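Visitor: I'd like a close look at one side chain in this model. Pick one, tell me what surrounds it, and then place it in the rest of the chain.

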Amino acid sequence: MRLANLNGRATIVANDGIVDVADASNGAFSASIEKCIGQLDKLDAWYRSAQPTLTQKIALDTLAQDTRLGPVVRPQQVFAIGLNYRQHAAESGLEVPKEPMVFTKFASSVCGPNEQLPIPGPSTDYEAELVVIIGATLRNVGVDEALAGVAGYCVGQDYSEREWQFRGSPPQFSLAKSFKNFAPIGPWLTTADEIHDPNDLSITTRLNGETMQDSNTSDMVFSVAELIAYLSSVCELRRGDVIFTGTPEGVGQARRPPVFLKPGDEIVTNIERLGTIHNVAVAP
Ligand code: ZN
């Protein structure tokens, strides 16, 4: 099942249209997407048996670009992982980390999938990322049981202002990656049961139509399950929390010459089976 936040209301995304969860279920399920994420199995069972009529007929590609889409969750905690793809570590001239390298994108940077991206500095960069949405309270979970705690997955961008990131010593990741709209997620949540292996999905960024990143989540150093187990050994993960799982090679910073974003640029990010998000860079 695919679940979107459309105008702030939980909305099921069918192949040919959308279903407003609260209206179609006569209030049996909440319009709050957070509440729906707490009962995804029940919601899925109701949807399959009730087969509600569409609230609106709309093609998937059209819906994916709809500016009414909000962030699929408003997380309490946003975890992000640096250098988690082998080829990205290589292009950065750095060794593959022996333990996950963890930072945060502050929660106010999270936004809907198609928001405009104000450019705050001279070296704003793109990073396509698989985003994991946690579905349960998790603490000290093992690798084998970690994926059972995932509500679903979506596409994200970990936009980064490199000058801010690297001007101090040591580098400062979290602030440099938390400017307004630096964490678009979406276009919707695809429930975990639809994704057989989160570490076997193609992932791309196109900038003004040109492919800049083209990889597969199989190149991750630490798998999604390993990241969840590692994070939960320190932090309690909560329903609606998200993990940005790192970016593959091809970021602007690593190119010669570097490629940074400027107003007018169009950034299109796709992950196999999860959909596409669209951002246009604008002046701040
Ligand atoms: Zn990143």
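Guide: Let's start with polar contacts: pairs of N or O atoms within 3.5 Å where, within protein, one can donate a hydrogen and the other accept it, and residues adjacent in sequence count only if both atoms are side-chain atoms. My pick is Lys177, whose side chain makes such a contact with that of Ser160 at 2.8 Å. Bear in mind that this is a predicted model, with pLDDT of at least 70 needed for local features and 80 or more for side-chain atom pairs, while totals for chains, interfaces and linings use all residues. Residue numbers run from 1 along each chain as its sequence is written, and side-chain values use heavy atoms, with hydrogens and water left out.

Lys177 sits in the loop between helix 8 (173-176) and strand 13 (183-191); helices (H or I, at least four residues) and strands (E, at least two) are DSSP runs numbered from the N terminus. Its relative accessible area is 1%, so Lys177 is buried (under 20%; exposed is over 50%, partly exposed in between, with a 1.4 Å probe and protein chains only). Skipping residues up to four places away in sequence, Lys177 has contacts (heavy atoms within 4.5 Å) with Phe103, Lys105, Ser109, Glu127, Asp158, Tyr159, Ser160, Arg162, Gln165 and Phe182.

From there, jump to Ile228: 51 residues from Lys177 in sequence, and 21 Å from C-alpha to C-alpha. Ile228 is one of the buried residues of helix 9, along with Val224, Ala225, Leu227, Ala229, Leu231 and Ser232. That makes seven of the nine residues in helix 9 (224-232), a mostly covered helix. These buried residues pack against five strands and a helix, namely strand 5 (78-82), strand 6 (101-104), strand 10 (128-134), strand 11 (150-157), strand 16 (242-244) and helix 6 (143-146).

Back to the strand that follows the Lys177 loop. Strand 13 holds Pro187, and the Gly186-Pro187 peptide bond is cis, with omega about 0 degrees. Pro187 also touches Thr276, whose other contacts beyond four places in sequence are Ala64, Val268, Thr269 and Asn270. Thr276 belongs to strand 18 (275-282) and, at 18% relative accessible area, is buried. The side chains of Thr276 and Asn270 share a polar contact of 2.8 Å.

A second cis peptide bond links Arg256 to Pro257, with omega about -5 degrees; Pro257 is in the loop between strand 16 and strand 17 (266-271). Most residues other than glycine have a negative phi, and most peptide bonds are trans. On the phi side, look at Gln51, at about 40 degrees, in the loop between helix 3 (40-50) and strand 4 (56-57). Gln51 is exposed because its relative accessibility is 64%. Asn140 has a positive phi too, near 55 degrees; this residue is in the loop between strand 10 and helix 6, and it counts as exposed at 53%.

Zooming out, the chain has nine helices and 18 strands, and 56% of its 284 residues are buried. Of the contacts between residues at least 6 apart in sequence, 75% join residues at least 24 apart. The C-alpha atoms fill a box of roughly 55 × 45 × 30 Å along the principal axes. The radius of gyration is 18 Å, which agrees with the value near 19 Å for a compact globule of 284 residues (taken over C-alpha atoms; the rule is 2.2 Å times the number of residues to the power 0.38).
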